Amino acid sequence: MGELEALNETTVKDYLVQKGLAERLGGGPEDWAAEPITDGNVNLLFRVKNPHAGRSLIVKQALGYAWRYPDFKMPKGRLAIEHAVLQVAAEHAPEQVPEVYFFSPEDAVLVMEDLNRHREMRAALREGARFPRAAEHMGRYMARTLFYTSDLYLPSGEKKARAAELVNPVLRKVQEDLVFTQPFMEHPNNRYSKPLEPLVREIYADDALRAEVLELKERYMTQAQALIHNDLHTGSILANAEETKVVDPEFAFFGPMGHDLGTYLGNLALAYAAYEAHAPSEEEKRAFRDWLLESMAETWRVFEREFLAAWEKDVQREEWSSDRYRERYLKRLLRDAAGFGAAEMFRRLIGMAHVSDFWSIEDELERARAESVGLEIARRWLMEREGFETIGDLTERVRAARVNPLVG
């Protein structure tokens with residue numbers, strides 16, 4: 001059998017029939033409608049629905065390249081990694097991931113639950129939407145998926161075997177370049193709002209800042225602490241008032257826990273900065289930003305509580321028996337989160353992979369003013385993180401950030 005070609009609105013329905021998935025929707029292809037979902041940059045996504053039966057599902061196909069950037073070659077095996085990570089998450093935090101119905105490693109196709117009752121968190125935050133249970137859910141998801149894939153829980157041999165299976169070298173290299181290297185130097189991939197030019201020049205010239213980033217880059221490249229999502233931003237989270245679901249873990253590998261924590265918290269900080277321009281009024285800006293800060297703090301509190309509960313219940317005590325070490329471990333995770341969160345913010349603001357929090361702001365000066373708030377947060381998280389003792393140290397730096405006068 002030949003290699004599966006890129007699916008389209010017609011062939012995706014035929015594929016579901018061939019794989020025996022018709023009963024998931026009811027009826028047959030003549031009853032279904034298929035529509036492409038174009039939010040992402042990398043994979044083909046389709047929502048296939050039977051409006052008569054009120055059923056739908058999502059079909060995800062990995063091509064040998066990023067569909068939006070065909071010259072950007074990527075391994076199709078990334079979807080096997082995504083499937084493996086979803087299985088791990090379903091074991092330890094089933095409420096926070098979609099149900100998988102079917103996976104074909106040969107075709108690089110994944111069929112799963114349609115989360116159409118949820119909203120992409122990034123887009124919703126841009127509008128000032130609040131998710132009352134997201135902090136609880138994300139704190140629990142990160143605590144459980146990280147603890148139960150670490151050496152704290154897994155036998156040494158099993159942990160190393162898993163890490164060897166999920167090495168993901170190509171997508172790791174993408175992150176190494178786009179997050180830790182290119183945003184801090186002149187590079188053709190970088191782009192940024194023109195009024196940020198003075199701030200960008202300062203960053204390029206700041207060797208102390210670059211040294212801190214390189215410390216994080218080395219840790220990212222060498223520390224196989226736990227199985228991390230590795231792209232845990234608000235665009236990879238679908239939520240509503242009652243549920244929070246994490247999707248798109250195709251970049252996953254065994255890396256530093258602080259990366260997932262920092263990426264998520266950093267994207268909440270980006271939402272805070274962007275609301276400088278999105279807020280309909282000063283009163284609403286203050287209220288929504290207060291909620292974001294509390295959400296950041298509550299996420300960490302839940303993470304810490306759940307992580308410590310797992311440690312108390314399931315740690316390998318003969319290997320990790322020191323209470324003092326446990327305290328140091330959590331403090332290091334907090335500081336790592338600040339550093340990795342800062343790197344994530346820099347790359348979203350002055351690197352290649354920008355986000356709708358800011359590019360939806362049409363006026364360039366207004367956009368740059370909001371972006372300068374994000375750059376201030378990132379700089380302070382990065383440069384001051386070794387003195388951080390509590391989550392309040394991170395949120396205080398966010399609250400203190402202001403529009404930089406250099407952008408006008």
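In which handedness does α14 pass α15? The second view below has the reply, and the notes here apply to both views. This is a predicted model, so local features need pLDDT of at least 70 and side-chain atom pairs count only at pLDDT 80 or more, while totals for chains, interfaces and linings use all residues. Residues are numbered from 1 along each chain as its sequence is written, and side-chain values use heavy atoms, leaving out hydrogens and water.

**View 1. Here's an open sheet of 5 strands with helices on it.** Its order is β1-β2-β3-β7-β6, with antiparallel pairing (strands are DSSP E runs of at least two residues, helices H or I runs of at least four, numbered from the N terminus; two strands pair if DSSP finds at least two bridges between them). At the edges sit β1 (33-36) and β6 (100-104), each pairing on one side only. β1 joins β2 (residues 44-50) over 4 bridges, and P36 stands opposite F46 in β2. Helix α1 (residues 11-18) packs on the sheet, touching β1, β2, β3 (55-61), β6 and β7 (109-113) (contact means heavy atoms within 4.5 Å). Helix α3 (residues 78-92) lies across β3, β6 and β7, at about 35° to β7 (axes are lines fitted to C-alpha atoms, for helices over the stretch in contact, with angles from 0 to 180 degrees between N-to-C directions).

**View 2. Now for α14 (residues 364-384) and α15 (residues 391-400).** Their axes come within 9 Å and cross at roughly 145°. The crossing is right-handed (the near helix is turned clockwise from the far one by less than a right angle). I377, R380, W381 and E384 in α14 meet L394, R397, V398 and A400 in α15.
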